[in-house]
Amino acid sequence: MVVYLKHEGSGQYIGIQKKKKRLILIPVHKDKAAPFFTSYARFISFQKPKYYLVDNQMELIVGGIKDIDVTKSWTLNNCNIYNDVSGNSFDLLPDDKGKIAMGRNKYDPASTSQRFNIGLSGKWPIVSSELKLPLSERKKEHRFTDDSKAKIQNFRWNARQILNNRGHPYTPDMELSPTTFKFENKENVMRPRNCGVSKHVSIGWEDHLAWRIIRS
């Protein structure tokens, strides 16, 4: 999955610049944004695929898959999951029994019920940031719950679509399609907005990707 990293507060994107023998990150306009692809929860430079994003800098990839350092990998927290075709976002949907399912609503950046923690690559759960609960299944019902008898549902990215473990994508109505993934169904593309790009393993207070202001 090729992505561009945008700082929502400033509207600027992450760019990569060569300085002496190093690659440094700089804020740029959209037309000069650096493309990254994701692999094993890492942001790898699309144009310089020997380098990946670690903290606020680019580092040379060393070794193979077995050498991946999980403390240098990323996840996506507190995201609004948005579909450009419908203008809908995932939202919490309570029923008359107090159970809360996955629903939809028009995009509202201020709504805490539209915020979810999701993964970057591999398999991952959808966790409500507001409830601190994963989307789970019990008796063929999908709910956000901590019920020990419920099974946490895992999802994955494919061509920017969100698929369940059976390969069915979410549609613009934010419902699971009855058919399996098709690359050409571009309307199913989901866009994480206003996310915190966070360390996969929290190791301190500097757990999020952020602009670093350097004064000379």
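**Close-up 1. The right-handed disulfide of Cys79 and Cys195 in this predicted model.** The torsion about the S-S bond is about 130 degrees, so this disulfide is right-handed. Look for the two sulfur atoms, which sit 2.0 Å from each other. With a cut-off of 2.5 Å between cysteine sulfur atoms, the count comes to 1 disulfide.

**Close-up 2. What the bond between Cys79 and Cys195 connects.** Cys79 belongs to strand β8 (residues 74-82), while Cys195 is found in the loop between β18 (191-193) and β19 (196-199), so the disulfide ties together parts that are 116 residues apart in sequence. Are the two partners buried or exposed? Cys79 is buried, with a relative accessible area of 0%. Cys195, in turn, is partly exposed, at 25%.

**Close-up 3. Phe90 and Phe116, an edge-to-face pair.** The structure holds 8 aromatic pairs. In the one shown here, the ring centres of Phe90 and Phe116 are 6.3 Å apart and the planes meet at 85 degrees; angles over 60 degrees count as edge-to-face, so this pair earns that name. Phe90 comes from strand β9 (residues 88-94) and Phe116 from strand β11 (residues 116-118), so the pair links parts that are 26 residues apart in sequence. Both of these Phe residues are buried.

**Close-up 4. The aromatic cluster around Phe90 and Phe116.** Step back from the pair to find its companions: Phe90 and Phe116 form one aromatic cluster with Trp124, Phe144, Phe155, Trp157 and Tyr170.

**Close-up 5. Arginines over tyrosine rings.** Arg193 lies over the face of Tyr107, at 3.9 Å from the ring centre. Arg42 lies over the face of Tyr52, and here the distance to the ring centre is 5.8 Å.

Terms used:
Residues are numbered from 1 along each chain as its sequence is written. This is a predicted model: local features need pLDDT of at least 70, side-chain atom pairs count only at pLDDT 80 or more; totals for chains, interfaces and linings use all residues. Side-chain values use heavy atoms; hydrogens and water are left out. Helices (H or I, at least four residues) and strands (E, at least two) are DSSP runs, numbered from the N terminus. Buried means under 20% relative accessible area, exposed over 50%, partly exposed in between (1.4 Å probe, protein chains only). Rings of Phe, Tyr and Trp (its six-membered ring) pair if their centres lie within 6.5 Å; planes under 30 degrees apart count as stacked, over 60 as edge-to-face and the rest as tilted. A charge sits over a ring if NZ of Lys or CZ of Arg is within 6 Å of the ring centre and within 35 degrees of the ring normal.
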